[in-house]
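Q: Could you take me slowly through one part of this model, a place where helices pack against one another, and show me how a residue there fits into its surroundings? I would like to see how it relates to the whole chain, and also what the polar or charged residues elsewhere are doing.

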Amino acid sequence: MASPELFEEPFHADDYVERLAWRCPGGGIKEGADHFDPKRLLEEFTCHIQELKLLDDRIQRKVEKLEQSCQREAREYARHVEELLKSNQVAFKHFQELDDHISNVATKVCHLGDQLEGVNAPRQRAVEAQSLMKYFNEFLKGSISSEVFSNRNKIQDAADIIQKLHLIAQELPFERFSGVKGRIASKYHDMEHQLIKEFTSAQKRGDIARMREMAAVMLHFKGYSHCVDVYIEQCQEGKFLFGDPFEEAVLLCQHVSRQVGEVFMSPENVMARLVQSIYETKLKGYVHERLEESQKNDVEQYLCRFHELYSRTLTLSKHLADLNIGTDHHAYLAKLTKAAFLSYLENYIDMEIDHLRNRSSLILQRFYESKNHQKRPIAIGSIQDLKERIRQRTNLPLSPVVETHGETFLSQDVVVSLLQESKMAFERCQKLSDQSDLPRNAVRIFNIVVEYLCSEHMDYALELGLLAIPSPDSRNTSLYFLDVVHQANTIFHLFDKQFSDHLMPLISSSSKMTGCLQKKKEVIEQMEFKLATGIDRTLNCMVGQMKQILNAEQRKTDFRPEDEGRVINQYTTACAKVCTYVRHQVERVRRSMDGKNVEAVLTELGLRFHRLIFEHLQQFVYSSNGGMLAICDLNEYRKSADDFQIPLVVQLFDSLHALCNLLVVAPDNLKQMCSGEQLTALDRNVLHAFVQLRVDYKSTRLGRHFS
């Protein structure tokens, strides 16, 4: 029998048919294929389909009944909602009527209150006036008998009465009421004294509520400021005796800041008065005590203490700015700070400049004394410039050579000491100078740095270094100017770093920056000119030393031996010594310079080295073996040229090597050799000049190749 339970989810039609077939006898193969009866299975399916149709009819009738029931409930619910809407409209109408009624009643009550107040206020003023007339009458008679003036518990009422009587007395003519005015004034001052005394007692007891009451009463008295002064004085009692005043000031102000809002009506004014008292009395006295003892005896200690105290005061102001001391608290604290240090700020920069000048002079003096050197006057100006121009054109030593024994008279320690002194001066200047004076003061310090570091130390050392450079034909092989260049480069970097790190932030927003940049540029250009001059002279000396080696060691028989059958050496002695000298000088140049300066100097040295060898080779006549030896020398010179790592120098020596091949090439191949890749770009006169150096030039008529 089919039932709705068979179709509950999850329902699978295939499974349902399989189960139905399985229950039917002969409907499956569980008893074997022979027992399968399709007719029996068809009858079973037909009967079951009829049962399903009956089940569908029953379910459909049940659904129709449920739909009818749902429709009846919906109609009932809609009717009920309609009744509720009507009830709500009635209730809202009643609410509006009630609201209008309440508004009318409230209006009448307010009007009645105003009328009562209008009646009560004059009555109250009349009562107060009557009471004041009663107390005034007592002062007029001179017999004050009211309990309110003698009862300590009613001091607030008494203070209110006296304050009002005092205001009234101010309007009375003095001739008729001088006596009563005097008695009221006396009582007024006496009341102020009592109130302050009561306030002080409450402050000592820590009674915040009583302090607040007394402060509120005193607010209408002239002595209110005195009450604040007493409060501030009591707060500082026992403080600032032995400890650090800056730390104590922060702790005290933080404590008072938490309390003052509970006592006074205007706590920010009280806090401002407290801070002012601390700055003008405690801090100013402490600063005076610390600075006066060192101002006359030790200027360095004075400046360091001054900077330290001022910095700590600025830090204190930064902490106090977080407290409630008024709206423009930053300007207020800055004004107090300047006032505390005013007498010392006025002459600060003059003392700073004098101290920096003295310290710089002392550092240089000690350095030269340690070298047992007495500074000598150096010629400057037009005469020195004239000598330099004459020397450059004639290569004559117009000034005596100064023997420095390898001393550069430049010291990185001295430079660091000078820059450290100026660094501290810049830091103090930034803190202690007014913003309007800061650029001008910073420039004055910079001028001292330029004077002593650049002029007195560096420029003097460069001048001595220039005088110590020997002439090109001198036998003195001591070339120390490259050491001067190396140390000068280091000093330039340190000087430029201080200029950027310490001076520029102080002048970047002022008109002084342009002047300082120009002055720095002029100083550096002047130094670079002298360095370039010294390097040029040093290169001349290097070439001169090479020339002396070649003149001393190179023999004419090296390239035109008497015995053509002897074994050819790898290279000549002169070549070996020159190459060793060149490698040593190239290493010195690399150690002494950096960046593109190395490339520029090595390029110039390489060009002069090439010119020297080129001219030197043209002084000899070459046999066949001599030409081979010259080529061997050129190979060594090329190896030295490779150490320069300058493509132009290497190219020049490659070309010179190709020229030397003209000394040994067979006469029949000479023309082809001259047309080669390395020689085709050279002037034919140069090629001809080299060919003329051959011992067989005339005998083999080599000149016809160039006619």
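A: Among the contacts in the protein chain with a separation of 6 or more, 76% join residues that are 24 or more positions apart. Please keep in mind throughout that this is a predicted model. The chain has 707 residues, of which 40% count as buried, and its secondary structure comprises 23 helices and 0 strands.

The part to look at closely is the packing around Val 578, a residue of helix H18. With a relative accessibility of 0%, Val 578 counts as buried, since buried means under 20% relative accessible area. Once its neighbours within four places in sequence are set aside, Val 578 is in contact with Met 546, Ile 549, Leu 550, Phe 609 and Tyr 637. For one of these partners, Phe 609, the sequence separation is 31 residues, while the C-alpha atoms of Val 578 and Phe 609 are separated by 9.9 Å.

To see where these partners come from, begin with the helix that precedes H18 in the numbering. H17 and H18 pack with their axes 8 Å apart, at an angle of about 165°. This makes H17 roughly antiparallel to H18, because an angle over 145 degrees counts as roughly antiparallel. The crossing in which H17 passes H18 is right-handed. On the H17 side, the residues that meet H18 are Cys 541, Met 542, Gln 545, Met 546, Ile 549, Leu 550 and Glu 553, and on the H18 side they meet Thr 573, Ala 574, Lys 577, Val 578, Tyr 581, Val 582 and Gln 585. Sorted by class, this contact of H17 with H18 holds 9 nonpolar, 3 polar and 2 charged residues.

Now turn to the helix that follows. The axes of H18, which covers residues 573-592, and of H19, which covers residues 596-617, come within 10 Å and cross at roughly 160°. Here too the angle makes the pair roughly antiparallel, H18 against H19, and H18 passes H19 in a right-handed crossing. In this contact H18 contributes Val 578, Val 582, Val 586, Val 589 and Arg 590, whereas H19 contributes Val 598, Val 601, Leu 602 and Phe 609. The residues of the contact of H18 with H19 are 8 nonpolar, no polar and 1 charged. Val 578 therefore takes part in the contact with H17 and also in the contact with H19, while being buried at 0% relative accessibility.

Tyr 637, another partner of Val 578, widens the picture. Leaving aside neighbours within four places in sequence, Tyr 637 is in contact with Leu 550, Cys 575, Val 578, Cys 579, Phe 609, Ile 613 and Phe 653. The largest nonpolar core has 169 residues, and those that touch the most other members are Tyr 231, Phe 264, Phe 306, Met 546 and Tyr 637. Helix H15, residues 438-468, supplies the largest share of this core, 17 residues. Apart from it lies another core, of 7 residues, including Ala 169, Phe 177, Val 180 and Ile 184. As background, nonpolar side chains in soluble globular proteins tend to be buried together.

Charged residues can be buried as well, and two examples make a useful contrast for your reading. Lys 520 is found in helix H17, residues 512-553, and counts as buried at 14% relative accessibility. Its contacts, apart from neighbours within four places in sequence, are with Phe 446, Phe 495, Asp 496 and Phe 499. Of these, Asp 496 is 24 residues away from Lys 520 along the chain, and the two C-alpha atoms are separated by 8.7 Å. Arg 428, in helix H14, residues 412-432, has a relative accessibility of 4% and so counts as buried. With neighbours within four places left out, Arg 428 is in contact with Leu 303, Cys 304, His 307, Tyr 348, Glu 352, His 355 and Ser 433.

For a polar residue in a loop, look at Asn 372, which sits between helices H12 and H13. Asn 372 has a positive phi of about 55° although it is not a glycine, and with a relative accessible area of 75% it is exposed.

Key:
Residues are numbered from 1 along each chain as its sequence is written. This is a predicted model: local features need pLDDT of at least 70, side-chain atom pairs count only at pLDDT 80 or more; totals for chains, interfaces and linings use all residues. Side-chain values use heavy atoms; hydrogens and water are left out. Axes are lines fitted to C-alpha atoms, for helices over the stretch in contact, and angles run from 0 to 180 degrees between N-to-C directions. Helices (H or I, at least four residues) and strands (E, at least two) are DSSP runs, numbered from the N terminus. Angles under 35 degrees count as roughly parallel, over 145 as roughly antiparallel, 65 to 115 as roughly perpendicular and the rest as oblique. A crossing is left-handed if the near helix is turned anticlockwise from the far one by less than a right angle, and right-handed if clockwise. Contact means heavy atoms within 4.5 Å. Ala, Val, Leu, Ile, Met, Phe, Trp, Tyr, Cys and Pro count as nonpolar, Asp, Glu, Lys and Arg as charged, and the others, Gly among them, as polar. A nonpolar core is a set of buried Ala, Val, Leu, Ile, Met, Phe, Trp, Tyr and Cys residues joined through side-chain atoms within 4.5 Å. Buried means under 20% relative accessible area, exposed over 50%, partly exposed in between (1.4 Å probe, protein chains only).
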